[in-house]
Amino acid sequence: MEKDHRSAPDPIVTLSDGAEIRLSRLWQDNPLVLVFLRHFG
Amino acid sequence: MAQLRRAKTRFDQAGARVVLVAMGTPAESSAFTREHAVPFEMVCDPERKVYQAFDLEQMAPLGFLSPSVALKGVMAMAKGHGIGVPVGDVRQLPGVFIIDSKGTIVFSHFAADPADNPAPDEILAALAAI
């Protein structure tokens, strides 16, 4: 992994339970490992 | 995915929150997490807006023809990963970002091909460095 220093984007996102939140809610309390998957299947 | 799942306890011990981003709808993502016993939260991004916000690119149209991608596909099938109906854009490349509590991306990995994912050990090492 490469070092980075950019500010993370902070869009409104939808969770799998249908809830909509600001992405920043996910890194407020702990470091966040955000894993973008390739397609399912 | 299997490697990440097996490493969940280590991520918990490192104090990190692991969240997946996928191109399915909430219904598709819920089905996927149930079928594969995924222990992580999931962000649903069927329009790939979050992928684009993080500058994750798509593979070139002929990228699937590269020998390395084809070989990885064959190896995955040999391990029992079947080919189903894809959900999401098959050209979308994955990636991993570690974001600290101030909202700074401290580490990033932009995949060169769909199977190019950092191992959990590599992610954990990067977490230990922040």
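Which residues line the second largest pocket? In this predicted model, the lining draws on both chains. Chain A gives P11(A), I12(A), V13(A), T14(A) and E20(A), while chain B brings V43(B), C44(B), D45(B), P46(B), E47(B), K49(B) and V50(B). The space inside comes to about 160 Å³.

Now look at which elements those residues sit in. Strand β2 (12-15) of chain A, β2 (41-44) of chain B and helix α4 of chain B each put at least two residues into the lining. The largest share belongs to β2(A), with three residues. Sort the lining by class and you get seven nonpolar residues, one polar and four charged.

Helix α4 of chain B also takes us to the aromatic rings, since it carries Y51(B). Counting over all chains, there are five aromatic pairs. Take F36(A) and Y51(B): the ring centres are 5.0 Å apart and the planes sit at 70°, so this one is edge-to-face. F36(A) is in strand β4 (residues 32-36) of chain A and Y51(B) is in α4 (residues 49-53) of chain B, so the pair joins two chains. Both F36(A) and Y51(B) are buried.

Then there's F97(B) with F110(B), another edge-to-face pair, at 5.3 Å centre to centre and 85° between the planes. This pair links distant parts of the chain, with F97(B) in strand β3 (residues 95-99) and F110(B) in strand β4 (residues 105-110) of chain B, 13 residues apart. F97(B) has 0% relative accessibility, so it counts as buried, whereas F110(B) has a relative accessible area of 35% and is partly exposed.

Put the rings together and a cluster appears: ring pairs link F36(A), Y51(B), F54(B), F97(B) and F110(B).

Note on methods. Residues numbered from 1 in each chain as written. Chains lettered and ligands numbered in written order. Predicted model: local features only at pLDDT ≥ 70, side-chain atom pairs only at ≥ 80, totals over all residues. Heavy atoms only, no water. Phe/Tyr/Trp six-rings, centres within 6.5 Å; stacked < 30°, edge-to-face > 60°. Helix = DSSP H or I, 4+ residues; strand = E, 2+ residues; numbered from the N terminus. Buried < 20%, exposed > 50% of the residue type's maximum accessible area, 1.4 Å probe, protein only. 1 Å grid on protein atoms, 1.4 Å probe; cavity = no way out; pocket = protein on both sides within 12 Å on 5 of 7 lines; lining within 4 Å. Points joined across faces, edges and corners; volume = space filled by probe spheres on them. Nonpolar A, V, L, I, M, F, W, Y, C, P; charged D, E, K, R; others polar.
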